[in-house]
Amino acid sequence: MPLIADRTTLLVIDVQNWVMAEDERQMRPEFHEDARSVVIPNLQRLVTAARSHRVEVVYTVMENYTEDGRDRSLDYKLSNFFIAKGSRDAKVIDELAPGRDEMVVPKTSSSLFNSTNFDYLARNIGIDTIAVTGFLTDQCVDHTIRDGADRGFHMICVSDACATDTRVRHAAALNAFKGYCRTETTESLIAAMDRDFGAAQ
């Protein structure tokens, strides 16, 4: 199915300072290696391509709405995910800084659709196709893809623009949710944008 520029969004999930904290490197060496050497460079290419075609780029970050985090999902509370409102931890990493008019949507659940008004925003804009990237493949990416498909969005997973704790888990997740989405690589999605959208603006 051809992509339509003003009905497509590039969704960048949780590529934020808290996730990339260096003190976790020894706990998740494969994640940090793949995130730094593969995923973030691919995301930079995808964001550049999306902007050149005037495709909406939307970021999500894990961020409390309240000072004490009482609004977090039970999952976030049990997992001790506490990202203070307005903190550096809640910011998108500098390498992928959002543009002036690009949305950054705070969330407190794995699925973007469960703790935000993203569905409402997307439908207001006229979005029906969502290319999903970011972290983690078998958690927030997985939940968002499944929930988006159930809500009638055409979901795309960019397989080399997301990652999780280990490569085995990443591959297993891609295989588990492939029935809910179209799978592309960074290269193939950029090629599809160039083909379907024509010359970059």
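User: What volume does the second largest pocket have, and which residues line the second largest pocket?

Analyst: In this predicted model, the second largest pocket comes out at about 180 Å³. Its lining includes A5, D6, T8, R51, R54 and E56.

User: How do you know how many residues of that lining are charged?

Analyst: Asp, Glu, Lys and Arg count as charged. Sorted by class, the lining of the second largest pocket holds 6 charged residues, 5 nonpolar and 1 polar.

User: And what about the largest pocket: how much space lies in it?

Analyst: The largest pocket has about 210 Å³ of space. W18, R28, M62, F81 and L136 are the closest to its centre, out of 12 lining residues. By class, that lining has 7 nonpolar, 4 charged and 1 polar.

User: Why is strand 2 called largely enclosed by the rest of the structure?

Analyst: Buried means under 20% relative accessible area. Strand 2 covers residues 56-62, and 6 of its 7 residues are buried, so the rest of the structure largely encloses it.

User: What makes strand 1 and strand 2 a pair?

Analyst: Two strands pair if there are at least two bridges between them. Strand 1 (residues 8-13) and strand 2 have 5 bridges, in the parallel sense, so they pair. One of the partnerships is I13 with T60. Strand 2 also runs parallel to strand 3 (residues 103-107), again with 5 bridges, and there V58 partners M103.

User: Why is T144 called buried?

Analyst: The cut-off is under 20%, and T144 has a relative accessible area of 0%, so it's buried. T144 sits in helix 5, and among the residues it touches are L11, I13 and F113.

User: What makes the T144 side chain's link to C140 a polar contact?

Analyst: The limit is within 3.5 Å, and the T144 side chain reaches the backbone oxygen of C140 at 2.8 Å.

Note on methods:
Residues are numbered from 1 along each chain as its sequence is written. This is a predicted model: local features need pLDDT of at least 70, side-chain atom pairs count only at pLDDT 80 or more; totals for chains, interfaces and linings use all residues. Side-chain values use heavy atoms; hydrogens and water are left out. Buried means under 20% relative accessible area, exposed over 50%, partly exposed in between (1.4 Å probe, protein chains only). Helices (H or I, at least four residues) and strands (E, at least two) are DSSP runs, numbered from the N terminus. A polar contact is a pair of N or O atoms within 3.5 Å; within protein, one must be able to donate a hydrogen and the other to accept it, and residues adjacent in sequence count only if both atoms are side-chain atoms. Contact means heavy atoms within 4.5 Å. On a 1 Å grid over the protein atoms alone, a cavity is a set of points where a 1.4 Å probe fits but cannot get out, and a pocket is an open set with protein on both sides within 12 Å along at least five of seven lines; lining residues have an atom within 4 Å of a point. Grid points are joined across faces, edges and corners, and a volume is the space filled by probe spheres set on the points. Lists of a residue's contacts leave out its neighbours within four places in sequence.
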